[in-house]
Every structure is written in structure tokens, then in C-alpha cells.
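Here's a walk through some side-chain contacts and helix details. Keep the viewer open while you read.

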Amino acid sequence: MSNLYNYILTIADNSLILAQRLGELCGHGPSLETDIALTNISLDLLGQTRSYYQYAAKLKGEDKTEDDIAFLRIEREYKNCLLVEQPNTHFGYTIGRQFLFDVYHLMLMEKLQNSPDETLSAIAKKGIKEVSYHKRFSSDWVKRLGDGTEESNQKMQEAINDLWRFTDELFFMTEAEKAMAKEGIGIDVSTFKEKYYKEVSEVLKEATLTVPENKYFTKGGKEGVHSEHMGYILADLQYMQRTYPNMQW
């Protein structure tokens, strides 16, 4: 039970924190159409997160709700990868972060929809169309910026270079992930690591961008050790619930 609960968090927390990051852009996008598209992606991710947290709350018992899990945990209890908590430095970073996550997310959903756990399978089957769109959106923008002006190419390359060190953590297996993969319920994400980097590299080359060669990678988020950005994210995310405990809409 504990392993399944923690396994759900490793998936759901990615979507929650990335949705929060994208939500910061509402009203601040480079164009109205792009602003709305990013906000809609944020809403897609929040919808998936709700489904995961509802399942997690049911497993947890103790009268816990999806809101308790989303808003009332401390920083070390969040299991999202470091990639999704990186800031919206500029539009290139937003797109680069989205793209590097989307390729992974779609591969995960494709496998998770075949899980014998009916709830996880149903969430994946429902969300896979959304995630497929997310990947198409971010891939197109990587190509547009990379193969655009000299400035857009430079900024897109800068973002990919800086965010690359967070990609390896996507394939790091926590104890909960290992346990669920062993039971056949969860996904051994390490099995599609090579496919991930191949697909990402192909898009970057098409975008006339250079695939980073650095071998130094950073991890820790999936085990609760986050970057300095996480505290600020949670301060915004949890403000209302902590200021007005047990509030209901």
C-alpha cells in the first residue's frame, strides 16, 4: 500500500508542479494564443493530478482528501523531479522544460495504460491524448525557435544546455518505483531511457540545435531533495489552504 501510494506521487507530483509553473504564465505569455495554449496545458496536467491524488487519498485513508495531499505536505514529501520545478526564465526555458518532460511523459503514459491496476490504466488512457498534444506543441516550438532567428536559436540552445542536467533523473528509479515495477503494476522507466534520448536528439537536430554532451546530471527531487525554487512554488501553491485551513469553495 505504501509503495503504491508513493509510486503515485512520483507521477502526480510532476504534473502538479509543472502545472503550477505554467499557471504563472497566465496573462504573461508572448502572445495571446500561446498564453492560452500554455494555460490549457496547465489545466490538463491539473486534471490528471486530481485523478492521481483522489486515488492516493483513497489508499491513504485517514479521511485524507486530494486537497490534503496537494496542499498540506512539506517540501521533502513531494516526489517530483527537479526538471519541472525550474523557473520560467524566458520563453525558451518554458518550452525547453516542457519539451524535455513531454517526451518522457508520453512514453510513460503509453506504458502505464497497460498496467493491471485499473485506476492507473484508466488515468493513462484518458490523459494520453492530452499528453500527445503537449508533446506536439512543445516539439513544434523547439523547432520554430531553434530554426528561427539568431536570437531565438541562441535562447533555445541556452535553455536546453541548462536544463539537460535534469533529464537523467527522469529515469532514476526510487524504491517505490522498483517495487511497483517488480509487481508489474508500475513502469520500469529505465527501459525507455535510450529511446528518450534518441527522440529528443532527433528533434534538437531538426531544430538546428546542438545536443548537449555534458555527462554531469543532477538528481534528488524524486527522493524529496529539491532545488531552492521548490519552497517558493509551494509558498504560492499552498497559501490559501494554509492561511484559511479547511476552506472549501
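What follows covers aromatic rings, one helix, salt bridges and a loop.

A quick word on the ground rules: this is a predicted model, where local features need pLDDT of at least 70, side-chain atom pairs count only at pLDDT 80 or more, and totals for chains, interfaces and linings use all residues. Residues are numbered from 1 along each chain as its sequence is written, and side-chain values use heavy atoms, with hydrogens and water left out.

**Aromatic rings**

Searching the whole structure turns up ten aromatic pairs. Rings of Phe, Tyr and Trp (its six-membered ring) pair if their centres lie within 6.5 Å; planes under 30 degrees apart count as stacked, over 60 as edge-to-face and the rest as tilted. One of the pairs is F91 with W141, edge-to-face, at 5.0 Å centre to centre and 90° between the planes. This pair links distant parts of the chain, with F91 in helix α4 (residues 91–112) and W141 in helix α5 (residues 118–146), 50 residues apart. Helices here (H or I, at least four residues) are DSSP runs, numbered from the N terminus. Both F91 and W141 are buried, where buried means under 20% relative accessible area, exposed over 50% and partly exposed in between (1.4 Å probe, protein chains only).

What about W164 and Y197: how far apart are their ring centres? They sit 5.5 Å apart with planes at 55°, so the pair is tilted. W164 is in the loop between α6 (150–163) and α7 (175–183), while Y197 is in helix α8 (residues 193–206), 33 residues apart. W164 counts as buried at 4% relative accessibility, and Y197 counts as buried at 16%. W164 and Y197 also belong to one aromatic cluster, together with F101, Y104, F171, F192 and Y196.

Two rings have a charge over the face, meaning NZ of Lys or CZ of Arg is within 6 Å of the ring centre and within 35 degrees of the ring normal. K60 lies over Y5, at 4.8 Å from the ring centre. R144 does the same over W141, at 4.2 Å from the ring centre.

**Helix α5**

Back to the helix that carries W141. The 29 residues of α5 should span 42 Å at 1.5 Å a residue, and the end C-alpha atoms are 41 Å apart, which agrees. The expected span is 1.5 Å times one less than the number of residues. Even so, α5 has a kink of about 45° centred on I128; the bend at a residue is the angle between axes fitted to the seven residues ending there and the seven starting there. G127 is also found in α5, and is buried with a relative accessible area of 2%. G127 and Y7 are 120 residues apart in sequence and 18 Å apart in space, C-alpha to C-alpha. At the N-terminal end of α5, D117 acts as the cap, with a side-chain oxygen 3.1 Å from the backbone nitrogen of T119.

**Salt bridges**

Side chains of opposite charge can pair when their charged atoms come close. The structure holds nine salt bridges, each a side-chain nitrogen of Lys or Arg within 4 Å of a carboxyl oxygen of Asp or Glu. Among them are these:

| Salt bridge | N to O distance |
|---|---|
| K135 and E199 | 2.2 Å |
| D168 and K193 | 2.6 Å |
| K222 and E177 | 3.1 Å |

K135 lies in helix α5 and E199 in helix α8, so this pair ties together parts that are 64 residues apart in sequence. Both K135 and E199 are buried.

D168 lies in the loop between α6 and α7 and K193 in helix α8, so their pair ties together parts 25 residues apart in sequence. D168 counts as partly exposed at 22% relative accessibility, and K193 counts as partly exposed at 31%.

K222 is in the loop between α8 and α9 (229–237) and E177 in helix α7, 45 residues apart. K222 counts as buried at 6% relative accessibility, and E177 is buried with a relative accessible area of 3%.

**The α2–α3 loop**

Most residues other than glycine have a negative phi. E62 has a positive phi of about 55° although it is not a glycine, and D63 has a positive phi of about 60°. E62 lies in the loop between α2 (32–60) and α3 (66–71), and D63 has its place there too. E62 counts as exposed at 61% relative accessibility, and D63 is exposed with a relative accessible area of 75%.

Notes. Helix = DSSP H or I, 4+ residues; strand = E, 2+ residues; numbered from the N terminus. Polar contact = N/O pair within 3.5 Å; in protein donor to acceptor, adjacent residues only side chain to side chain.
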